[in-house]
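Please take a moment to look over the sequence and the model shown here, and keep both at hand while reading the explanation below.

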Amino acid sequence: MKFNTKTIHAGQQPEETSGAVMPPIFQTSTYAQEAPNVNKGYDYARVGNPTRTALERMIAGLEGADQCACFASGCAAMDAVLKMFRPGDHIIASNDLYGGSYRLFTEVFEPMGVDFSFIDMTDMEEVKKAHTDQTKLLWIETPTNPLLRIVDIELLADFARNNDILSLVDNTFASPYLQRPLELGADITLHSTTKYLGGHSDVIGGAVATSNNEVMEQLRFQVKTTGAVPGPMDCYLTLRGIKTLSVRVQQSVENAKKVARFLEDHPQTGNVIYPGLESHAQHEIAAKQMDDFGAMVSFSLKDDSQEKAKEFMSRTSIFTLAESLGGVESLVSHPASMTHGSIPRKVRLEAGLEDSLIRLSVGIEDAEDLIEDLQQAFE
Ligand SMILES: *Cc1c(COP(=O)(O)O)cnc(C)c1O
């Protein structure tokens, strides 16, 4: 099955009793048993729910994974993964990372004894330098947030395999429509389904997909034991969103290319960061591992200050000032004061995150309107 067909059919069958084409929202907490422990595959809804199963099979199909476990949020999915590790274990992660991931790593798991190195993962030498006997996982995010650096998944997955450690890719920014990490050799792929998979900014969710049985067993144990599960309505909404993933992302990417070119030519912009621009430092790697270049665009102002960035954002009207990304509507945000506010300024600047950096999540509106909105905000 090719990708667009999968977004409609992967793991989906008409419902048994009625033939309903969309999986019903199984709004139940428990299931009748014929005799103790004799059931139809479901015993209690923390452990499993058929609407959730339909979503898990869908995401597994899209990522080319054997299995997927869904969670109440992307953060809950990350939390479940990190609970596989023990004090003394070491994880190598990017220094240009989703702010919530950084907070979870440094404020929850570091105090419990898990060690992290935050490095520039586009530099293989840095990865080798950070690697120790205790290293258990490479936590890759690509494109990174908000600097949209591209990490070579194949290269790092190879390194991980050769050193007997796991590799995980947070695939939220690309979506499986554009990038499938397992095909490139990674062990685990993770999503905030809140973003492109859900696609309509109306539901929070997370997912982890893998073909590694040991990892999946541990995740299922976390699902059952710590219970950060998505409700059936949320699973249904996410599944509904996924049906249009291909057409949404395609349109967003086309718009993003036009917006990036407009910004690159504008005299008031500083750095314009978009993996599809030839000026992007890892443009070649993006072309190799992604089917297209994504719909996130970041740029700084020539006049680099938080003030100027905030002024600019107060003047856009189609681009809504909000956190999050990956919905049908275009959003604008200011990482230094919003999503990455919990990262110390010094760490931010070292990673190259300028004060005026503005991040756009380009939606599916008409590109002409989006460009006009930005144009008038500059004026
Ligand atoms: C949003 C996001 C998360 C966290 O997901 P939530 O659903 O908001 O909990 C993790 N990683 C990335 C890259 C994200 O954009």
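The paragraphs that follow go from the domains to the interface, then to the ligand, and end with some details of the backbone.

This is a predicted model, and the protein in it is divided into two parts, with domain 1 covering residues 3–242 and domain 2 covering residues 245–378. If you picture the centre of each domain as worked out from its C-alpha atoms, the two centres lie 25 Å apart.

The two domains touch one another, and the contact involves 42 residues of domain 1 and 40 residues of domain 2. Between them, the domains bury about 3400 Å², of which 58% lies on carbon and sulfur atoms. On the side of domain 1, Ile150, Leu178 and Tyr196 together supply 23% of the area buried against domain 2, which is more than any other three residues supply.

Polar and charged groups also meet across this interface, where 19 residue pairs are found in polar contact. Several helices help to build the side of domain 1 that touches domain 2, since α1 (3–9), α4 (99–109), α6 (153–162) and α8 (232–242) each supply at least two of its residues. When the residues on that side are sorted by type, they divide into 21 nonpolar, 15 polar and six charged. The count of salt bridges between the two domains is two. Elsewhere in this description of charged pairs, Asp152 can be named as a residue that forms a salt bridge with Lys288, with their closest N and O atoms 3.0 Å apart.

The next place to look is the ligand, which has 13 residues around it, and of these Cys75, Asp170, Ser192, Thr194 and Lys195 come nearest. Asp170 places a polar side-chain atom 2.7 Å from a nitrogen atom of the ligand, while an N or O atom in the side chain of Lys195 is 2.8 Å from an oxygen atom of the ligand. Gly74 takes part through its backbone, with an N or O atom that lies 2.9 Å from a ligand oxygen.

Finally, some details of the backbone deserve a careful look. The loop between β4 (135–141) and α6 contains Pro143, which is joined to Thr142 by a cis peptide bond with an omega of about -5°. Pro146 has its place in the loop between β4 and α6 too, and a cis peptide bond with an omega of about 0° joins it to Asn145. In the loop between α1 and α2 (50–63) you will find Asn37, a residue that has a positive phi of about 65° although it is not a glycine.

Terms used
Residues are numbered from 1 along each chain as its sequence is written. This is a predicted model: local features need pLDDT of at least 70, side-chain atom pairs count only at pLDDT 80 or more; totals for chains, interfaces and linings use all residues. Side-chain values use heavy atoms; hydrogens and water are left out. Domain bounds come from an automatic or database domain assignment. Contact means heavy atoms within 4.5 Å. Buried area is the accessible area (1.4 Å probe) that two parts lose on being put together, summed over both. A salt bridge is a side-chain nitrogen of Lys or Arg within 4 Å of a carboxyl oxygen of Asp or Glu. A polar contact is a pair of N or O atoms within 3.5 Å; within protein, one must be able to donate a hydrogen and the other to accept it, and residues adjacent in sequence count only if both atoms are side-chain atoms. Helices (H or I, at least four residues) and strands (E, at least two) are DSSP runs, numbered from the N terminus. Ala, Val, Leu, Ile, Met, Phe, Trp, Tyr, Cys and Pro count as nonpolar, Asp, Glu, Lys and Arg as charged, and the others, Gly among them, as polar. A residue is near a molecule or strand if one of its heavy atoms lies within 4 Å of it.
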